[in-house]
Each structure stands twice: as C-alpha cells, then as structure tokens.
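Got the viewer open? Let's take a short walk through this one, a stop at a time.

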Amino acid sequence: MSVTMSTAAPLLSTSHPSVATSTFSFVDYVVFVLLLLLSLAIGLYHAFRGWGRHTVGQLLMADRKMSCFPVALSLLATFQSAVAILGVPSEIYRFGTQYWFLGCSYFLGLLIPAHIFIPIFYRLNLTSAYEYLELRFNKAVRVCGTVTFIFQMVIYMGVVLYAPSLALNAVTGFDLWLSVLTLGIVCNIYTALGGLKAVIWTDVFQTLVMFLGQLAVIIVGSNKVGGLGHVWDVASQHGRISGIELDPDPFVRHTFWTLAFGGVFMMLSLYGVNQAQVQRYLSSRTEKTAVLSCYAVFPCQQLVLCMSCLIGLVMFAYYQEYPMSTQQSQAAPDQFVLYFVIDILKGLPGLPGLFVACLFSGSLSTISSAFNSLATVTMEDLIQPWFPEFCEARAIVLSRSLGGVTLPHIVSFVLSEIHPDYCQHLFYPGHTSCLHPMVLYISAFPGGGF
C-alpha cells in the first residue's frame, strides 16, 4: 500500500480499478439512494407531524408513548453497526465458530436489565441515566459520568461513520470524505428535526434493510457452493466448527468463560446502563412495555449473531472452492467480507447496492441514536441543572442543534487521513489478524457498539 493523503480508502488495491466499476451498477446506486431518501422521509414525516407543537419531552423522549415493537427493533439496531457486519464474519472465517458462544450471554445479559435496571429507571421517571448517579452519590459524579459518555460516543461515532464509507469507496470508488458527509448530513437532518420518535421508526426500517442485506449474501453465497449443508461439512472438515472451549487461560482468544460470562457484563453495560438504550426503555408507554421490548431483543440478537456467523462460514467454504487471488490473500482480514460480497454478487444488479445499504443502515441507526442520546444528556445533565429557568422554546431549538453534532465527522476525517498501516497498528497492535477480540466484544458483537 502506498502512502497517500487522498481520501480514497485503501480498502481495495488501486491496481484493479475496474473491480468497483464492474460491480456497482445503476440499479445498485438506486437501491443505495433509496435507503437514504426513505430514511430521510420517515424522519421528516415525524418531524413535520405536529410541527410547532413539539416539546422537549417529545424530541428527547418521544413523549413516553412508544409501543413494544418499534422500541425492540430500535434497541437491536442502536448498536448493530457496520463494524459488526464486517467484523464478525471475518472473525468466524479466520478462527472458527467459537465466537458464536457469545449468544449464551444474551439470556442473563437481557434478563437482568429487564428485571433490575428498567424498573429502577422507569419508576424514578428519569430522562438521563446519569441522573441516578446524582441521586445515589452527588452532582460531581453525575457530570463525570456524562462527560465520559460524551467522549466515548463521539469517538465511536467517528469510527461508525468511517466504516461504511470505506465499503462504499471499495465497491464504487465514491469519495470517502463525501460519503462521510452524506451519511452524516442525512442522519443529522432527521435526528435534529424529528427527535427520538423519528430515530426509532427509521431504526425499524434500517433493521429490515440490514436483515435483507445479510440474508442476500447467505442465500447467494450458499447456493454457489452447494447449500448450507455443504458449507457446514466443509467448515467441519477444516476444523472451523468449534466445541465448547473450557480452558481457563485468559490469553486464549475465545473460551466459553470469556464469551458466556464476560459477555454478560458487556451486555449489562450496553442494555443495562447505556444512555442510548435507557432512553428507549423510558420512551415506552408503560414499564411493562419496556420490559417486553427488552425480552423481544433476545431472539432478534440470536438471529443477527447466527446470520453473521453463517456469512463467515459461507465465505470460508466459498474460498476453499474458489481460492482468493494474490491481491485478496494479501489484504487485511477485515477486508475479506467486502471481497467476498464483490465476488458472489457481481452480475446480480441491485444486490451489491443492497449490501452497501445494509452497511449504511447499521451506521445510520447507530449514529442517529448516539446523536439523540448526546443531545439528551447534554440538555439534562450539563445545561438544565445550571439554567433551570431555560424557556421551552429555547430548549427545543438547543435540543435540535445538539442533534446535529459535528465532532464525529471530524474524527472520521482524521481517520481517513491516517496512513492505513498506522491505523492497523493503532486498532490491532502487535498483529495483523482481524478485529482484536476485545474490539469485537466492545464494538462488534451482534449489537456492535459501546
């Protein structure tokens, strides 16, 4: 890879410029643009419905009247980012199905929030999860928690903006920075104007797109290699189907203990106390609705994990039958999913566009949720406690302005300008394997986020 300062991503080698051109057709562009337009339309519908009668509570908490179904899908989509869609299949391809045991952690990881965290937050009638810290300790602890959350989410949002833009650049040659701007602007508009209700309903649509994109890859890929039964046989013959690893050594990449038990604590941090998720629980019309939505996430998460792992197995079986080119084999493992998608979907107009739309859906849902949660904690924890007499009209304007955070775009731009080899060592120090296990636990589990 050559050292450049261009915003063109180094995801696919420039020695084969025709790959992108021959893969992405006019129909693919239409599918991709439709994703952006429909997401924008759903958000604007909720923004202009009742325009002029919005309150801060409606913008930040959807007036606490959401039903179970949209809240459940929004809970799932909030942390199902492009990082997970690209990272988990690559993990399975490289190291086998041991990572699949992460699904064992979902039961307790959702049962505990449903029966401990949700009742406490809901009965206290909180808006920000960090209000509890002031009730339990003091205001200084609350502010420290809020500032930490803001810093964490801004950095993560930069990565989430960057990942699908890399994918689009890889298959179309579309400018990386322009892609980041397009994604961010669309997300800013419907999040800032429509508030939490717009975010939740666009999450529902984007979740369906993510399911369709991944399902298309599984169906087409498995058909090319003789079906899922053959895929499983090939993976088993080459040692990619893992049993339960009970080794207590913490330095082993994946074991039952780190996945099933360590995963519970990861799930608690995401579905128990993360502001983006707590906000969705509190937007439910009743406590029972919030609990049911948490229950409904469980089968959805298992399905998402299953699909991601199957993509990894299908990819492994495909490249056993059709070996990678020299260019592909020398690429970073995190690029394998994109190469695989290009290989199996080329010549099928609309499907490459659907997969790119799938990646962008993951990012849009994560970013919009993060924008809204950042606006909420900033208003509730950093502004209103110090300016209690802030009028409703000003609070609405400020809430909408906070919904258009620009810091993640700056982070994405910095990432796009960093030399790729340095980026690799920054995220995966000391080795060139696919996503480091800790990165997968924190940012690319089937909920894929902080």
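## First stop: two crossing helices

Start where helices α5 and α13 cross: that crossing is right-handed. To find α5, select residues 82–95; for α13, select residues 287–321. Keep in mind that you are looking at a predicted model.

How do you describe a pair like this? Two packed helices are described by the angle between their axes and the distance between the axes. Here α5 and α13 pack at an angle of about 50 degrees, and their axes are 7 Å apart. Angles that are not roughly parallel, antiparallel or perpendicular count as oblique, and α5 and α13 are therefore oblique to each other.

Now show the side chains where the two meet. On the α5 side, pick V88, P89, S90, I92 and Y93. On the α13 side, pick S308, C309, I311, G312, L313, M315, F316 and Y319.

## Second stop: a covered helix

Next, select residues 68–78, which make up helix α4. How many of the 11 residues of α4 are buried? Nine are, so to speak, tucked away, and the helix is mostly covered. Colour P70, V71, A72, L73, S74, L75, L76, A77 and T78 to see the buried ones.

What covers them? Switch on α9, α11 (256–271), α12 (275–283), α13 and α16 (351–383), which are among the elements over the buried residues of α4. You've met α13 already, in the crossing with α5.

## Third stop: one serine

Stay with α9, which spans residues 176–224, and zoom in on S222. Is S222 buried or exposed? Its relative accessibility is 6%, and because buried means under 20%, S222 counts as buried.

Have a look at what surrounds S222. Apart from neighbours within four places in sequence, S222 is in contact with G227, L228 and V314. The S222 side chain also reaches back to the backbone oxygen of I218, at 2.7 Å. For one more pick, choose I344: it sits 122 residues from S222 along the chain, yet their C-alpha atoms are separated by 9.8 Å.

## Last stop: colour by confidence

Finally, colour the chain by pLDDT. The mean is 79, and 78% of the residues reach 70 or more. Confidence is highest in α13, at a mean of 93, and lowest in helix α20 (residues 437–443), at 38. Over residues 419–450 the pLDDT is below 50, though the model gives this stretch 98 contacts beyond near neighbours in sequence. At the other end, residues 1–21 stay under 50 too, with 37 contacts beyond four places in sequence.

Notes: Residues are numbered from 1 along each chain as its sequence is written. This is a predicted model: local features need pLDDT of at least 70, side-chain atom pairs count only at pLDDT 80 or more; totals for chains, interfaces and linings use all residues. Side-chain values use heavy atoms; hydrogens and water are left out. pLDDT is the predictor's confidence in each residue, from 0 to 100. Helices (H or I, at least four residues) and strands (E, at least two) are DSSP runs, numbered from the N terminus. Contact means heavy atoms within 4.5 Å. Buried means under 20% relative accessible area, exposed over 50%, partly exposed in between (1.4 Å probe, protein chains only). A polar contact is a pair of N or O atoms within 3.5 Å; within protein, one must be able to donate a hydrogen and the other to accept it, and residues adjacent in sequence count only if both atoms are side-chain atoms. Axes are lines fitted to C-alpha atoms, for helices over the stretch in contact, and angles run from 0 to 180 degrees between N-to-C directions. Angles under 35 degrees count as roughly parallel, over 145 as roughly antiparallel, 65 to 115 as roughly perpendicular and the rest as oblique. A crossing is left-handed if the near helix is turned anticlockwise from the far one by less than a right angle, and right-handed if clockwise.
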